[in-house]
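Work through the exercises below with the sequence and the structure at hand. Try each task before reading its solution.

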Amino acid sequence: MKPVRLIIISVFLLVLNLISGDTKPFPKPFDTQPIKTPFILAEKAIGDMNPPKGFEVQLFAGEPHVHQPISMTWDARGRLWVAECYTYAEGKIGFQRELRDRILILEDRDGDGRFDKRTVFWDQGQCLTSIALGFGGVWATCAPNLIFIPDANGDDKPDGDPVILLDGWNDKKVHHNLVNGLKWGPDGWLYGRHGIQGLSRVGKPGTPDDKRTDLKCCIWRYHPTRHVFEVVCEGTTNSWGHDWDDHGQLFFINTVIGHLWHAIPGAYFKRMYGKHFNPHLYELIDQTADHYHWDKARERWGELKKKKMSPSTNTAGGGHAHCGMMIYQGDNWPTQYRGKIFTVNLSGRRINSDRLERKGAGYVGRHEPDFMSIQDPWFRGIELSGGPDGTVFLLDWSDIGECHENDGVHRSSGRIYRILHGEPEKKRPVDLDKLTSLELAGLQLESNEWHVRKSRLILQERATGDKPAGDIGEARSRLRKILEGNASISQKLRSLWTLHVINGLNEKFLLKLLEHPNEHIRLWAIRFLADDGRSPSEKTASDLARLATTELSGLVQLYLASAMRNLPLEKRWAIATPLASRKDFEEDPVLPLLIWYGIESAVKANPAQALELVKATRMPRLRQFIPRRLAEK
């Protein structure tokens with residue numbers, strides 16, 4: 001009977017593997033990096049860090065429990081999910097990868113700031129660069145695919161094979177500019193990033209080439225229930241970090257050229273090299289920061305990889321390569337850090353900081369002192385994320401040598417640090433999934449953005465049918481009261497975003513918000529009316545044109561200009577003409593260009609209207625660009 005039993009057991013295990021999708025054993029990762037620099041233990045590395053007074057750095061997890069951490073996200077129970085990428089730089093064009101990537105769950109059950117339970121969720125990935133949770137599973141970028149790994153019952157085991165949602169992401173010609181960066185935006189869309197090297201032609205599986213979206217360096221987004229994909233803005237080099245501020249403005253970090261950019265939908269930014277698909281842009285938007293993190297006047301970025309950092313570059317910020325970005329909005333760090341941008345400077349082995357200020361129609365990033373330096377030569381910071389207790393988690397790829405791994409990869413190392421201020425109270429993270437919808441709505445008033453974002457996502461899941469809706473109607477009423485009655489603009493915006501993702505807004509209500517006294521409320525009304533992946537109505541187009549004649553806020557004008565790209569060509573002039581006829585922002589570095597991007601495709605279709613705008617505009621760029629476009633084919 002024993003052989004029979006063995007056969008039965010073997011068949012049973014095979015069936016389990018087929019159900020879970022784990023049909024191949026996980027190959028043991030191997031190192032290819034020659035070790036010329038002694039490996040530094042985590043305790044020594046932490047001791048050589050210099051966080052500001054009152055701060056402490058702890059090791060949340062490290063080798064042998066985690067290796068090659070490239071992305072992280074959080075679930076409703078406060079557990080940290082980590083993507084390990086072993087296939088990064090494994091081979092060249094047309095290669096067959098030997099290794100696999102995996103997703104871990106790290107849980108701190110006693111609240112002491114160090115993980116004490118580790119679960120392997122999935123270990124069959126390749127080119128795994130980022131993960132996000134929501135709608136009953138895990139979303140992951142695994143070039144050439146954006147996939148969804150279902151786990152509807154939440155048992156930390158895949159319900160089946162991954163579902164390919166989009167394909168066509170380039171994984172042949174590049175290995176360090178791969179699609180990456182999954183994060184949920186305040187508008188309920190899933191955002192991601194793409195680098196400059198290699199063309200991607202993205203679409204749902206089976207989509208013919210002429211129906212796909214061509215893209216290179218850009219920020220993109222995907223709607224989780226409508227399954228709409230679109231490019232948000234284009235340009236720069238290789239973004240590996242983005243976040244939203246307290247008002248829902250999206251900023252992203254970049255490398256080699258300018259480091260900080262304001263991701264206005266429809267914007268075209270300067271590029272490291274090459275040209276945009278549209279040859280009629282004429283001029284591109286520059287970075288938002290007013291500074292560089294290296295001595296750009298004396299050193300070329302390519303030289304910084306070959307020689308020792310100069311004192312001037314060290315003072316400026318440590319180098320051109322940035323990875324990971326967070327706008328701190330937690331409640332553990334002192335208030336002077338809230339709202340500031342933090343990013344890891346790879347070559348400088350430190351955390352840079354910028355502060356955001358309004359300037360002209362938009363923003364400027366001002367240089368702040370570096371937050372912290374890391375002496376460990378193996379440190380390779382990848383991402384920053386605020387946690388459920390307001391502390392900050394930092395992924396360390398932990399490797400030496402050239403940053404693109406052209407000289408080998410050290411796959412047997414990796415760390416996750418926790419940066420805290422003072423002594424946070426030990427808390428066992430609450431399971432937000434167990435809260436009522438009314439309670440989740442109340443979390444929009446929390447000071448820690450972690451709770452705000454997680455509760456909004458759960459409400460979105462409930463409102464779209466992926467989870468029991470329960471008291472979603474009561475949640476809508478509570479959110480409407482916050483929007484209409486609270487004095488805090490950030491709390492009003494949180495309620496507005498949440499109402500949007502749970503279908504608690506309509507066109508009539510949003511059109512009324514175009515008259516709101518606060519510019520940020522008006523701005524988001526524009527976005528939900530004209531920039532949500534649907535064609536705006538005639539009424540919306542008319543009311544936006546009316547607003548363009550009276551709007552004084554430069555920031556709102558930016559988003560009116562941004563919205564034009566979603567309107568029929570003939571409807572754009574009623575917005576462009578009043579915006580272009582003002583003198584307030586005639587020399588602004590962004591607004592005239594956004595107006596141009598909005599009307600460029602309409603110029604040849606209506607030359608008479610275009611020439612009327614030339615007569616009316618106070619903006620020199622438009623007086624140049626319109627005749628030039630009319631003269632070209």
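**Exercise 1. Describe the surroundings of the charged residue Asp588 in this predicted model.**

Solution.
Step 1. Place the residue: Asp588 sits in the loop that runs between helix H13 (573-580) and helix H14 (591-603).
Step 2. Check burial and pairing. Asp588 is buried, yet it has no salt bridge. A salt bridge requires a side-chain nitrogen of Lys or Arg within 4 Å of a carboxyl oxygen of Asp or Glu. For Asp588, the nearest side chain of opposite charge is that of Arg621, 7.1 Å away.
Step 3. Look for another partner. The side chain of Asp588 reaches the backbone nitrogen of Ala361 at 2.8 Å.
Step 4. List the contacts. With neighbours within four places in sequence left aside, Asp588 is in contact with Gly360, Ala361 and Arg621.

**Exercise 2. Find three salt bridges, and state for each where its partners lie or how exposed they are.**

Solution.
Step 1. Recall the principle: side chains of opposite charge can pair when their charged atoms come close. A search of the whole structure finds 40 salt bridges.
Step 2. Take Asp290 and Arg366, whose closest N and O atoms are 2.7 Å apart. Asp290 belongs to the loop between strand S19 (268-271) and helix H3 (301-304), while Arg366 belongs to strand S23 (residues 362-373), so this pair ties together parts that are 76 residues apart in sequence. Asp290 has 42% relative accessibility and counts as partly exposed; Arg366, at 23%, also counts as partly exposed.
Step 3. Take Arg480 and Glu484. Their closest N and O atoms are 4.0 Å apart. Both residues lie in helix H7 (residues 472-485), four residues apart, which is about one turn of the helix. Arg480 is partly exposed, with a relative accessible area of 28%, whereas Glu484 is exposed at 54%.
Step 4. Take Arg534 and Asp532, whose side chains meet at 3.2 Å, N to O. Exposed means over 50% relative accessible area and buried means under 20%. Arg534, at 51%, therefore counts as exposed, and Asp532, at 6%, is buried.
Step 5. Look for shared partners. Asp187, Arg221, Glu230, Arg527, Asp531 and Arg565 are joined into one network by salt bridges that share partners.

**Exercise 3. How many cavities of 30 Å³ or more are found, and which elements line the largest cavity?**

Solution.
Step 1. Recall the method: rolling a probe the size of a water molecule over the atoms shows where empty space is left.
Step 2. Count. The search of the whole structure gives five cavities of 30 Å³ or more.
Step 3. Turn to the largest cavity, which holds about 710 Å³ of space. It is lined by 41 residues, and those closest to its centre are Thr73, Trp74, Lys183, Ser385 and Arg453.
Step 4. Assign the lining to elements. Two or more lining residues come from each of strand S2 (69-74), strand S6 (128-133), strand S10 (180-184), strand S16 (242-244), strand S20 (322-327), strand S24 (381-386) and helix H6 (449-463). H6 gives the most, with seven residues.

**Exercise 4. Is Val409 buried or exposed, and which residues does Val409 touch?**

Solution.
Step 1. Locate Val409 in the loop between strand S25 (392-396) and strand S26 (415-421).
Step 2. Read its accessibility: at 2%, Val409 counts as buried.
Step 3. List what it touches. Not counting residues up to four places away in sequence, Val409 touches Phe30, Asp31, Thr32, Gln33, Gln68, Tyr88, Ala89 and Asp399.

**Exercise 5. Find two cis peptide bonds and two residues other than glycine with positive phi.**

Solution.
Step 1. Recall the background: most residues other than glycine have a negative phi, and most peptide bonds are trans.
Step 2. Check the peptide bonds. The bond from Glu63 to Pro64 is cis, with omega near 10°, and Pro64 lies in the loop between strand S1 (55-62) and S2. The bond from Ala143 to Pro144 is also cis, with omega near 15°; Pro144 lies in the loop between strand S7 (137-142) and strand S8 (145-150).
Step 3. Check phi. Val256 has a phi near 75°. Val256 lies in the loop between strand S17 (250-253) and strand S18 (260-262) and, at 9% relative accessibility, counts as buried.
Step 4. Asn503 has a positive phi of about 60°. Its loop runs between helix H8 (489-501) and helix H9 (507-513), and at 56% relative accessibility Asn503 counts as exposed.

Key. Residues numbered from 1 in each chain as written. Predicted model: local features only at pLDDT ≥ 70, side-chain atom pairs only at ≥ 80, totals over all residues. Heavy atoms only, no water. Buried < 20%, exposed > 50% of the residue type's maximum accessible area, 1.4 Å probe, protein only. Lys, Arg positive; Asp, Glu negative; His and termini not counted. Polar contact = N/O pair within 3.5 Å; in protein donor to acceptor, adjacent residues only side chain to side chain. Contact = heavy atoms within 4.5 Å. 1 Å grid on protein atoms, 1.4 Å probe; cavity = no way out; pocket = protein on both sides within 12 Å on 5 of 7 lines; lining within 4 Å. Points joined across faces, edges and corners; volume = space filled by probe spheres on them.
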